[in-house]
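Open the structure in your viewer and keep the sequence panel beside it. The stops below are meant to be selected in turn.

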Amino acid sequence: MKLDTNTINKIAKLARISLSEEEANDLLKDMNSILDWVEQLNEVNTESVEPLANISSSTLPQRKDEAKDINSSDEVLKNSPDKLEGYFAVPKVVE
Amino acid sequence: MSNLLKGNKYEWEIVIGLEIHAQVKSNSKLFSNSSTAFGSKPNSQVSLVDAAMPGMLPVINSYCVEQAIKTGIGLNAEINNYSVFDRKNYFYADLPQGYQISQYKFPIVGEGKVSIDFKDGSSKDIRIVRLHLEQDAGKSLHDQNPTKTYVDLNRSGVALMEIVSEPDIRSAEEAGLYISKIRSILMYLDTCDGNMQEGSLRADVNISVRRPGEEYGTRCEIKNLNSIKFIKQAINYEAKRQIEILEEGGIIEQNTLLFNTNSGKTRPMRSKEEAHDYRYFPDPDLLPLEIDQKVIDKLVKSIPELPDERKRKYVEEYNLSNYDASVLTADKSVSDFFDRVINSDNLLKDSAKIVVNWITSELFSLLKENNIEIAHSPISPEHLGRMVKLIKEDIISGKIAKDVLIEMFESKAGPEIIIEKKGLRQLTNTNEIENIVDEVLQENKKMVEQYLSGKDKLLGFFVGQSMKKSKGKANPKILNDILKIKLSKKN
């Protein structure tokens, strides 16, 4: 599998990263070589092997349905560059 | 019943599939222990997990898993012993993680079906594709400030069950019946509070049109509708819009739409154009969810009587029509009330239809006028049951009973007390009724002559006059019989 600059730019846009043309070209080279490297795994025949989701034998830990009263507003808003009456204020998202 | 919609040139069939988002009725969120209480101070229920602070890890709420399984059982669906949580990636201000934890390839619940009932007594199955668990996003307020959007993350991370239907729905009416049915099942199971106003239950509607027999047309998705009325309005508007475009030779663009509840129109959403590429992949923070069959079997046993079972009982044991039974069972509290009336006296089982009529006409309108839920009805089920018995036993007439019911509603008293106090007991004494009839015939000699010369319709007049004289208390059947005998004797 080979990527082209269009794909790189699309991925960058989806990730909200702005790239210069030069950066895109560098990344294209890097990502293609990463893909080549990973592609070596295709040499192994895995036809009858179930995909592996978990290398430990543990199962998904679960918790009880207990709510903690955290009154988090101050703490959670602490890093926010802009806020109003307990809300995060962000640049307008038009709907 | 034809569901076809007439355009200017052709007849069209609407094809609809629904994605219903039902909030799990739980104390804490799906992957964190913050509270789910509605209406709290903005951002007061946001743990560091919900705010997606670096290094925080999700831990699943076992209760939410059980509620999803119970709902799956209620939807007659397969429960999957193995399911996987995936990340659905997109950027939006009310989604701090930059992805929603959802289920994609391996949902917790697979195929099922529910049945909807029409007024004419027929019913139809709507197939369910799947139910999966996912996180809700936060809430954005767009209209408070010209340049800012305000974000409240209290809802962020709350557990949702997304219930996806096959495109088996063919009209706005069917869509309304389907969502009502799902809501009713959820409320019987107590897995979702069903409160559409607070957004605990909302739906995305996928809609396309086609000429009968043709392939499915291109569909549009109307997002986030939170009332049955709006769902129906949006469907009818959008179907007409699509038909107009197609009849003028245009093509439908696949689009995500918003419904404006003020104008009643749909319009394309502007902000999520790039969002269709969600790049799902298994969430590396969460192991697959494996459910022991024993857990499922135990939950199967915990399922309460559901609307369809109650409906069957009403039809088979109480001889109610399919439609009456579905009206009663749609709302659990109505069905509970009815059950209590019937169970208050063994003799009422044969009068179930009369009980239904009193509940769905007189009682409903009194409750509606006074804005009271049936669960808090001032007329208790036992009192209503006794009133129906008094009608059956000819102690009061149905007409008088309406006034008695209003008194019962206002005073919370039992029917007997009101009847005695106001002297409303029905007149069944033939002598007394005969006297009244004699008086009426005496006072209206001209009418009697006219009647005897062939004006049969005047019988109603004599009945009315006699009834008036008895202050509405005469037993109508006895009164009728006496009148007919007396009049025939005059001939």
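## Domains of chain B

Start by colouring chain B by domain: domain 1 covers 5-300, domain 2 covers 305-422 and domain 3 covers 430-490. Bear in mind throughout that the model is predicted.

Select domain 1 and domain 2 of chain B and place a centroid on the C-alpha atoms of each; the two centres are 36 Å apart. Where they touch, domain 1 of chain B contributes eleven residues and domain 2 of chain B ten residues. On the domain 1 side of this contact, strand 7 and helix 2 (172-189) of chain B each provide at least two residues. Helix 2 of chain B has the largest share of that side, with five residues. Sorted by class, the domain 1 side holds three nonpolar, six polar and two charged residues.

## Strands 7, 8 and 11

Stay with strand 7 of chain B and select residues 112-117, then add strand 8 of chain B, residues 123-135; the two run antiparallel and are joined by six bridges. To see how they line up, show Lys113(B), which lies opposite Arg127(B) of strand 8. The hairpin these strands form has five residues between the strands, and there Gly121(B) adopts a positive phi near 95°.

Next, add strand 11 of chain B, residues 159-165. Seven bridges connect it to strand 8 of chain B, again in an antiparallel arrangement. A pair to label here is Arg130(B) and Val164(B), which stand opposite each other.

## A three-strand sheet

Move on to strands 6, 5 and 16 of chain B, which form an open sheet in the order 6-5-16 with antiparallel pairing. Its edges are strand 6 (99-102) and strand 16 (281-282) of chain B, each pairing on one side only. Select strand 5 of chain B, residues 86-89, and look for the two bridges to strand 16 of chain B. Asp86(B) has Pro282(B) of strand 16 as its bridge partner.

## Helices 9 and 10

For the last stop, select helix 9 (residues 381-392) and helix 10 (residues 398-411) of chain B. How do their axes cross? The axes come within 10 Å and cross at roughly 160°. These two helices of chain B are therefore roughly antiparallel, and the crossing is right-handed.

Show side chains for the contact:

- from helix 9 of chain B: His383(B), Met387(B) and Ile391(B)
- from helix 10 of chain B: Gly398(B), Ala401(B), Val404(B), Leu405(B) and Met408(B)

By class, the residues of this contact between helix 9 and helix 10 of chain B comprise six nonpolar, two polar and no charged.

Technical notes. Residues numbered from 1 in each chain as written. Chains lettered and ligands numbered in written order. Predicted model: local features only at pLDDT ≥ 70, side-chain atom pairs only at ≥ 80, totals over all residues. Pairing = 2+ DSSP bridges. Helix = DSSP H or I, 4+ residues; strand = E, 2+ residues; numbered from the N terminus. Axes fitted to C-alpha atoms, helices over the stretch in contact; angles between N-to-C directions. Parallel < 35°, antiparallel > 145°, perpendicular 65-115°, else oblique. Left-handed = near helix turned anticlockwise from the far one by under 90°. Contact = placed C-beta atoms within 7 Å. Nonpolar A, V, L, I, M, F, W, Y, C, P; charged D, E, K, R; others polar. Domains from an automatic or database assignment.
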